[in-house]
Amino acid sequence: PQPENFRGIISKWKLIKTGYYFTKSDGTNVNDTFDTEPRGINIVYEYFDDGRLVVTDVAKNTKVEIRWSLKVLKGDDKGILDGQLTQIGKEQKELAQLLGQSGDLTFGITSTPDLLFMVVDVTKTSNYKEMTLVQNFKKI
């Protein structure tokens, strides 16, 4: 599939923060996110306008190419206010099924000109009342 006509995502993005937001059984909300660089994590996503997504783990010297699609539900001239980013690949489809999604792995996405914010509900793979994977990227 070809991505929707939203050019703002076509670029290289470095993962700068990741982790989880979760809710314990007693209702306590926990923010368990961390900056990636101090931990030696160096992952770059490069989105191409032909629907390719190249994910490079610089620290491990590995590269994977998958497909992506974007559905912008609400946006403005600065970015995505509400959208869905789908990663298309064999492993992504398997992970989506584990998470209770049908089809390929879909993240909620918002953006500014220099930042991408992606989230996905991973509650089904956890022991928590609610759990969300958070990934923040900076344009490079």
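**Group meeting: a core, a pocket and two hairpins**

Hi everyone, let me start with one residue, L85. Leaving aside residues up to four places away in sequence, L85 touches I9, Y47, W68, S69, L70, L105, T106, F107, I109 and M118. Before I go on, please keep in mind that this is a predicted model.

So where does L85 belong? The largest nonpolar core has 24 residues, and L85 is one of the four that touch the most other members, along with I9, Y47 and I109. The elements that each give two or more residues to this core are β1 (12-23), β3 (43-47), β5 (62-76), β6 (79-88), β7 (105-111), β8 (115-121) and β9 (130-139). As a general background, nonpolar side chains in soluble globular proteins tend to be buried together.

Now let's turn to the largest pocket. There is about 630 Å³ of space in there. Which residues come closest to its centre? Those are Y45, Q87, E91, Q92 and L95, out of 27 that line the pocket. Two or more lining residues come from each of β1, β3, β4 (52-57), β5, α1 (90-98), β7 and β9. If you like to think about chemistry, the lining divides into 15 nonpolar, seven polar and five charged residues.

You will have heard β3 in both lists: β3 gives two or more residues to the core, and also two or more to the pocket lining. Let me follow the chain from there.

β3 and β4 run antiparallel, joined by five bridges. If you want a place to look on screen, find E46, which stands opposite V54 in β4. This hairpin has four residues between its strands, and G51 takes a positive phi there, near 95 degrees.

Next along is the pairing of β4 with β5, again antiparallel, this time with six bridges. Here the spot to find is V55, standing opposite V64 in β5. Four residues lie between the strands of this hairpin too, and N61 has the positive phi, near 55 degrees.

I'd like to stay with N61 for a moment, as a positive phi is found here in a residue other than glycine. N61 is in the loop between β4 and β5. Is N61 buried or exposed? With a relative accessible area of 72%, N61 is above the 50% cut-off, so it counts as exposed.

To recap, we went from L85 and its partners in the core, through the pocket with Y45 among the residues closest to the centre, to N61 in its hairpin. Thanks for listening, everyone!

Note on methods: Residues numbered from 1 in each chain as written. Predicted model: local features only at pLDDT ≥ 70, side-chain atom pairs only at ≥ 80, totals over all residues. Heavy atoms only, no water. Core = buried A, V, L, I, M, F, W, Y, C linked by side-chain atoms within 4.5 Å. Buried < 20%, exposed > 50% of the residue type's maximum accessible area, 1.4 Å probe, protein only. Contact = heavy atoms within 4.5 Å. 1 Å grid on protein atoms, 1.4 Å probe; cavity = no way out; pocket = protein on both sides within 12 Å on 5 of 7 lines; lining within 4 Å. Points joined across faces, edges and corners; volume = space filled by probe spheres on them. Nonpolar A, V, L, I, M, F, W, Y, C, P; charged D, E, K, R; others polar. Pairing = 2+ DSSP bridges.
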